[in-house]
Amino acid sequence: LGRRINAAVNDLTRSATLDEKAFDGMIKEICNALVEADVNIKLVAGLRNSIKKTVNFKELAPGVNKKRIIQKAVFDELVKLVDPHNTPYQPKKGKSNVIMFVGLQGAGKTTTCTKLARWYQARGFKTALVCADTFRAGAFDQLKQNATKAKIPYYGSLTQTDPVIVAREGVDKFKKEKFEIIIVDTSGRHRQEQDLFDEMVQIQKAVSPHQTIMVLDSSIGQAAEAQSRAFKETADYGAIIITKTDGAAAGGGAISAVAATHTPIVFIGTGEHLLDLEKFNPESFVSKLLGMGDMAGLVEHVQSLKLDQKDTMKHIAEGQFTIRDLRDQFNNIMKMGPLSKMAGMIPGLSGMMGQMDDDEGSMKLKRMIYICDSMTAKELDSDGKIFVDQPSRMTRVAKGSGTSVREVEELLSQQKVMGGMAKKFKGGMQNMQKWGVWT
Ligand code: GDP
Ligand code: MG
């Protein structure tokens, strides 16, 4: 999607006659790309009008960077769509906060409730899980396994077939034991069926959750709007979690769900493992959707790994990014594993990696690290200009590292991209605090 949008914008800026007709054509192409990425058609139509209003082509002064203005307009409009301007429920320490999950079968409820329980547990909440899925055989076993792995107390029953009773018993038990986060997993059905909705409402009445969360599979596509509306009407959830964002789906469905229900997305699932849960933030989500890289997500991920990042973080905060910082990032990426996942977060890196698989990609990264290791301290601590001023340095480094001048250049242009991001980021520090990334 990002590639298509960028291509559309590039076509426009390259075309000899920068007239309004070319501009309209470009907006049309961008909108087609969004529809193909499963953003709701009506939303796209609205977006098209807003962009036209924001970017008044006729009034753009000659010489301004039209490309930047258009890209920013698309970005801002999409961010507006995923930002519901509604704050989700904030669990409080020292009291029992009951959270209930709803969603279709296979959406990722059971997986995600354990991830969320772990997330709260890691933040000092006394956390427990209740399995109120008595519909699917093996549902309790699945939750039990997940919970055991995460060392989270759980409640369920192999004999009781009424999910309402199990839910009530579990929640009562954990309330008595002063648990602070009690997450109730429920069953789903393949489709939106009346008996699913009846069951949801009964459980809701029985446990009076402080927060109901709808779990939505990101691959649901255009069906997201209807589904999120139907659930909203019955279960009136106050938050959404989008799962399987690591998959092939473009993710536009998520935008539709938020826009249709004015309900905030609180987390996204990024894989099958316990730790694959990220706090949602609209800017990162849209950046990724548009293929612009995800600085905020990267920083959070890096922080969660507790790698030694002090210098790099300090540099980014100051609006700098040296080659040494780049090398440290490469080294960290090697430690972080699945490369394909990390690459999507770093602007330019996914482009550099192209269609490589994880093995080829890590080979490539190693060569980049060899290049850095052949540099002098002065070169490493520079922003790369030193190489432009004295190109012979490139030849020396290429020789020393057993690579090519082309690869050295590649590394330098990667550093430039990151340097540019860091500069932009300096002003974005307040946002970082707002998003809770910088705690
Ligand atoms: P439920 O029926 O709603 O409880 O769904 P489950 O939690 O059982 O999940 C269904 C499948 O989706 C399982 O195979 C999960 O491993 C998988 N799954 C859930 N969340 C994610 C995610 O974020 N990424 C990926 N790749 N798989 C996920
Ligand atoms: Mg389940």
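Trainee: Which residues come nearest to ligand 1?

Mentor: This is a predicted model, where local features need pLDDT of at least 70, side-chain atom pairs count only at pLDDT 80 or more, and totals for chains, interfaces and linings use all residues. Residues are numbered from 1 along each chain as its sequence is written, while chains are lettered from A and ligands numbered from 1 in the order in which they are written. A residue is near a molecule if its C-beta atom, placed from the backbone, lies within 6 Å of it. Here 20 residues surround ligand 1, and Gly108, Lys109, Thr110, Thr111 and Gly269 come nearest.

Trainee: Which helix gives the most to that shell?

Mentor: Helices are DSSP runs (H or I, at least four residues), and strands are runs of E (at least two), numbered from the N terminus. Helix 5 (residues 109-122) gives the most, with four residues.

Trainee: How do I read the sheet?

Mentor: Strands of a sheet pair through backbone hydrogen bonds, either parallel or antiparallel. Two strands count as paired if DSSP finds at least two bridges between them. In this model, eight strands form an open sheet, ordered 3-2-4-1-5-6-7-8, with mixed pairing. Strand 3 (154-155) and strand 8 (277-279) stand at the edges with a single partner strand each, so one side of each is left without a neighbour in the sheet.

Trainee: In which sense do strand 1 and strand 5 pair?

Mentor: Strand 1 (residues 97-102) pairs with strand 5 (residues 211-217) in the parallel sense, over four bridges. Ile99 has Gln211 in strand 5 as its bridge partner.
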